[in-house]
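Colleague: I would like a close look at one part of this protein, the enclosed space inside it. Please take me through it, and then through the contacts around it.

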Amino acid sequence: MATTGANAVAPDHSQNEPCSPPAPQAQASEDAAETESFFYVFREQACEFKNVNTEFLAERVLRSNAVGPWSMYGFFAGLMICLGLSNAWNVGLDYGWGSLGAAAAIAALMYTSLITIISELMVMLPFTGGMATFCRAAFGPYIGYIVGTCESWEYILYAANALQLSGQIFCDMTSADDRYAPFFWPVTIAIVAGAHVAGVRVVFRVSNILFALNVAALLVTIFGSLSAFDPLRWGLFINNGTALKQSAAVAFSPVGVAIHQEEVIKSDTSLHAAVDLTEAMFPTGLDGVLKSLPAAMWIFLGIEGAPLCAEESMDFIEHSPNCAMHAMMTMVACASLVVSVNPALPPGIIPLKSADDPNLESFLATWSIDRYSPLGRFATGSLFLPSTIWTILLYSYACSRQLYSLSKAGYFPSQLSITWSRTKVPIGSLSVTIAMIIGIAIIIQLQHGSNLTEALLNGSILYGMVAYIITAAAYIRLRMACPRLKRPWNPGPLIGYTAAIIVIVVSVTTVTQMFIIESYRQTLIICLAKVVLGLIAFTIYQRKRMVRTPEEVFIQEHIMATRMFGGQRSSSSLRGRRRNKEVDAGRYIDDVRKSVEDVLASRGDLS
């Protein structure tokens, strides 16, 4: 396709050789093979790109060096901790405490694997678009659009659930009816939007404060309830109602009943001997473990947003892999504490599985605090409200940066990527993000009491799983096709390929389990339909308005040009004097930013 516009800005690096040197093959045969390829329709040749100049990039520059290593770590950990440990994971208790624990262990393995491949990819291609950019580099613009859209919807649904919860918390604190929850949303939105408009430094400072508050709240609720820890009394399922005497046993699942909290049960030796722990912990067996996977994924969901702060971070290539690994270790430790302790606390597994914040619920029950008493309201506001505000702040940031990168590349109208000259914030992308969050929160509020909230949360997980599967496949393809791309953090092919396979297998299994639940199926199909409709709109209209950004130039010249991607250059031929040269995407994009900063400095717009 022909290109239009001014000359594209892309540094001419002779040292940045393509992934492999040219191979002597006929152009005609290459073109014919590429045209006949099934993947041709997904390649950049199916899109029309306009070239851009430095002025275009100067209007879309983000604040550089604004996020230090500690803030980066807090952001990475916060994407998982903010709401994952306080809400939604407890629905997995439907299938037993042991089933949820086993599913959480599988999820921890999967997300550790995901972090492994993302850490390699995000310093190999340190571009703002994150997973959408990785998948675009491996499979073309269409697949990049799908992943970027899935990620955007994931962040929006996650934040919308938090916004609706924040309104409920305010209602609990003020004794207002839940119907009036939306009237409290402006308070939360004002805090979040105000931090964003003030600039990325303020966003991460507020995030760091909320990080400390949330970790403190988690430790207070868990350790403050340990005196009531009693697995036999509170956390086990019994298939046989006569195994333990109970005055108010309540049916909890099709296969059994739970030990109810209203009767004091002595944990003596004979009583322990009467309980089949395997049956009590795993009342539905392996099927329960598999069905608990979506709830377990919710605990760790969100870490994939880590690469989105690349352009605004200080020494991102040097610090981000370690920050990501430390964040994952922090999350595994916190998740292990919550999943292993919380179900064995009062008020018992039945009320906890439907609680908005099971950690808070256990704390209140342990100390016999009425949720609607002055002390209970204070506890709700101080221990649960910060997590909802933190969630909205982090996920609105992640979504706004995802939309910024997509619009800058032309997947969405490029006006959305223009940044405010004072704080370098993409106001258009931020406005669309907040509007979408409010819109989905209204839908959740109108359907309050139905299973729509849980179904939408599963929709968020669905979007994440689709993106994970494609990203893992992109990792495999990029490692095979482009061994010459510089990898500042490299776990090696054995660990890398193994991690990618784990991500694909567990993600596919999770998606399958979500579709098995009939009450969620319709919502999940609607979630996928939104992506399909967007893809149709992209095919009809937006693909003809793509932008040849420096990132796109790099991808086309150094990745898509290899023969494995349908180009003319062999990824296996290593002859010649340049055989040991690496393609350094980090150095490439740094030079682009410096050229843009020079333009801004020349007109006094660099601060």
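How many cavities of 30 Å³ or more does a search of the whole structure find?

Modeller: Keep in mind that this is a predicted model. Rolling a probe the size of a water molecule over the atoms shows where empty space is left. A search of the whole structure turns up three cavities of 30 Å³ or more.

Start with the largest cavity. Its volume is about 230 Å³. The lining has 18 residues. Nearest the centre of this cavity lie T133, S405, A409, T549 and E551. Three elements each give two or more residues to the lining: α5 (131-139), α18 (385-408) and α23 (550-558). Of these, α18 gives the most, with four residues. The lining is mixed in class. It has seven nonpolar, six polar and five charged residues.

Now the second largest cavity. This one has a volume of about 160 Å³. It is lined by 15 residues. E311, K408, V592, R593 and V596 lie nearest its centre. The elements giving two or more residues here are α18, α23 and α24 (585-602). The most comes from α24, with five residues. By class, the lining divides into eight nonpolar, one polar and six charged residues.

Next, the salt bridges. Side chains of opposite charge can pair when their charged atoms come close. The count for the model is 14 salt bridges.

One of them involves two elements that also line the largest cavity. E552 and R136 meet through their side chains, at 2.4 Å from N to O. E552 sits in helix α23 and R136 in helix α5, so this pair links parts of the chain 416 residues apart. Both E552 and R136 are buried.

A second bridge joins E120 and R479, with the closest N and O atoms 2.9 Å apart. E120 is in helix α4 (residues 97-124), and R479 is in helix α20 (residues 452-481), so the pair ties together parts 359 residues apart in sequence. E120 counts as buried because its relative accessibility is 1%, under the 20% cut-off. R479 is buried too, with a relative accessible area of 12%. This pair does not stand alone: E120, R479 and R487 are linked in a network of salt bridges.

A third bridge spans a shorter stretch of sequence. E361 pairs with R371, and their closest N and O atoms are 3.0 Å apart. E361 lies in helix α16, while R371 lies in the loop between α16 and α17 (374-383), so the bridge ties together parts 10 residues apart in sequence. E361 is partly exposed, at 25% relative accessible area. R371 is buried, at 14%.

Two last features set the inside against the surface. Helix α13 (residues 293-300) has eight of its eight residues buried, so it is largely enclosed by the rest of the structure. Among the buried residues are W298, I299 and F300. Just after α13, G302 takes a positive phi of about 120°.

On the surface, V532, L533, I536, I540 and Y541 form a nonpolar patch. Together they have about 520 Å² of accessible area. I536 belongs to helix α22 (residues 518-540). At 42% relative accessibility, I536 counts as partly exposed.

Definitions and conventions
Residues are numbered from 1 along each chain as its sequence is written. This is a predicted model: local features need pLDDT of at least 70, side-chain atom pairs count only at pLDDT 80 or more; totals for chains, interfaces and linings use all residues. Side-chain values use heavy atoms; hydrogens and water are left out. On a 1 Å grid over the protein atoms alone, a cavity is a set of points where a 1.4 Å probe fits but cannot get out, and a pocket is an open set with protein on both sides within 12 Å along at least five of seven lines; lining residues have an atom within 4 Å of a point. Grid points are joined across faces, edges and corners, and a volume is the space filled by probe spheres set on the points. Ala, Val, Leu, Ile, Met, Phe, Trp, Tyr, Cys and Pro count as nonpolar, Asp, Glu, Lys and Arg as charged, and the others, Gly among them, as polar. Patches are made of residues with over 30% relative accessible area and no salt bridge: like charges are joined within 9 Å, nonpolar side chains (Val, Leu, Ile, Met, Phe, Trp, Tyr) within 5 Å. Accessible areas come from the Shrake-Rupley method with a 1.4 Å probe; for residues, only the protein chains shown count as cover. A salt bridge is a side-chain nitrogen of Lys or Arg within 4 Å of a carboxyl oxygen of Asp or Glu. Buried means under 20% relative accessible area, exposed over 50%, partly exposed in between (1.4 Å probe, protein chains only).
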